[in-house]
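Here is a friendly walk through one protein chain, written for someone who would rather be at the bench. Have the sequence and the 3D view open as you read.

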Amino acid sequence: MPNNSLRTQDAAAIGNSPEEISGKGEESSIWDVFGPNTTEQTVYVNKYLWAASLDVLNFLPVQTVDPFTGVIVTGYGTPPGGGRSYRATVHIKDPALEARSLSVALQTSSGAVSSATTRAVEDAILSRARQMRIADSKI
């Protein structure tokens with residue numbers, strides 16, 4: 001029968017723990033630094049704000065959507081009855097159905113849009129989201 005205390009002393013002298021020698025410890029290397037990130041990076045978005053944003057801005061062509069971060073990016077489009085072309089970026093930051101959860105940025109080909117126009121679009125999205133939530137609660 002081998003002498004385990006001698007083996008432990010030899011391992012300590014070399015700088016290895018007995019668990020590493022026996023294979024029971026967790027192996028690691030320099031490449032573990034570049035391994036998969038285990039931190040949670042999902043933002044929970046409000047489904048009513050998400051659906052209402054797509055519904056209110058349905059005249060704009062959708063370029064990019066990312067439901068994990070809550071971002072919707074559209075291309076240029078003209079609203080019905082309007083002559084000016086707009087594009088929008090919507091960011092839903094929170095799962096709550098509140099104004100602080102929604103951020104809308106509008107742009108025309110000549111630059112930024114007035115804050116009153118942006119606020120009107122945000123209000124339309126919030127109103128539509130509340131309508132959708134009420135409709136779901138009646139089912």
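The report below goes from the overall fold to the sheet, the helices and a few individual residues.

## The chain at a glance

Please keep in mind that this is a predicted model. The secondary structure of the chain comes to four helices and five strands. If you read along the sequence, these elements follow the pattern α-α-α-β-β-β-β-β-α.

Of the 139 residues in the chain, 25% are buried. The chain exposes about 9700 Å², and carbon and sulfur atoms supply 53% of that area. Take the contacts between residues at least 6 apart in sequence: 38% of them join residues at least 24 apart.

## How the sheet is put together

In what order do the five strands sit in the sheet? They form an open sheet in the order β1-β2-β3-β4-β5, with antiparallel pairing. The edges are taken by β1 and β5 (111-112), each with a single partner strand, so one side of each is left without a neighbour in the sheet. As background, strands of a sheet pair through backbone hydrogen bonds, either parallel or antiparallel.

Now for the individual pairings. β1 and β2 are antiparallel and share four bridges, and here Val 65 has Ile 72 in β2 as its bridge partner. Strand β2 (residues 71-74) is also antiparallel to β3, over three bridges. In that pairing Ile 72 stands opposite Val 90 in β3, while Val 71 has His 91 as its bridge partner. Ile 72 therefore turns up on both sides of β2, as the partner of Val 65 and opposite Val 90. β3 and β4 run antiparallel and are joined by seven bridges, with Thr 89 partnered by Ala 105 in β4.

## The two faces of β3

In a regular strand the side chains alternate between the two faces of the sheet. β3 shows this alternation: Tyr 86, Ala 88, Val 90 and Ile 92 point to one face and are buried. Arg 87, Thr 89 and His 91 point to the other face and are not buried.

Just after β3 comes a residue in a loop. Lys 93 is found between β3 (86-92) and β4 (102-108), and at 41% relative accessibility it counts as partly exposed. Its C-alpha atom is 7.8 Å from that of Tyr 44, although the two residues are 49 apart along the chain.

## Gly 70 in the β1-β2 hairpin

Is Gly 70 buried or exposed? Gly 70 is buried, with a relative accessible area of 0%. This glycine is found in the loop between β1 and β2. The hairpin has four residues between its strands, and Gly 70 takes a positive phi near 80° there.

Which residues does Gly 70 touch, leaving aside its neighbours within four places in sequence? The contacts are Val 45, Trp 50, Val 90, His 91 and Ile 92. Val 45 is 25 residues away along the chain, yet the two C-alpha atoms are separated by 5.9 Å.

## Helices against the sheet

Helix α3 (residues 47-56) has Tyr 48, Leu 49, Trp 50, Ala 52 and Ser 53 as its buried residues. These pack against β1, β2, β3, β4 and α4. At the N-terminal end of α3, Asn 46 acts as a cap: one of its side-chain oxygens lies 2.8 Å from the backbone nitrogen of Tyr 48.

Helix α4 (residues 115-137) contains Thr 118. Thr 118 has a relative accessible area of 11%, which is under the 20% cut-off, so this residue counts as buried. Not counting residues up to four places away in sequence, Thr 118 touches Val 104, Leu 106 and Val 113.

## A nonpolar patch on the surface

Which residues make the nonpolar surface patch? Leu 54, Val 62 and Val 65 make it, and the patch covers about 220 Å². Val 62 lies in strand β1 (residues 62-66). With a relative accessible area of 47%, Val 62 is partly exposed. Val 65, also in the patch, is the residue whose bridge partner in β2 is Ile 72.

Methods
Residues numbered from 1 in each chain as written. Predicted model: local features only at pLDDT ≥ 70, side-chain atom pairs only at ≥ 80, totals over all residues. Heavy atoms only, no water. Buried < 20%, exposed > 50% of the residue type's maximum accessible area, 1.4 Å probe, protein only. Contact = heavy atoms within 4.5 Å. Patch = residues over 30% accessible without salt bridge, like charges linked within 9 Å, V, L, I, M, F, W, Y side chains within 5 Å. Areas by Shrake-Rupley, 256 points an atom, 1.4 Å probe, with all protein chains shown as cover. Salt bridge = Lys/Arg side-chain N within 4 Å of Asp/Glu carboxyl O. Pairing = 2+ DSSP bridges. Polar contact = N/O pair within 3.5 Å; in protein donor to acceptor, adjacent residues only side chain to side chain.
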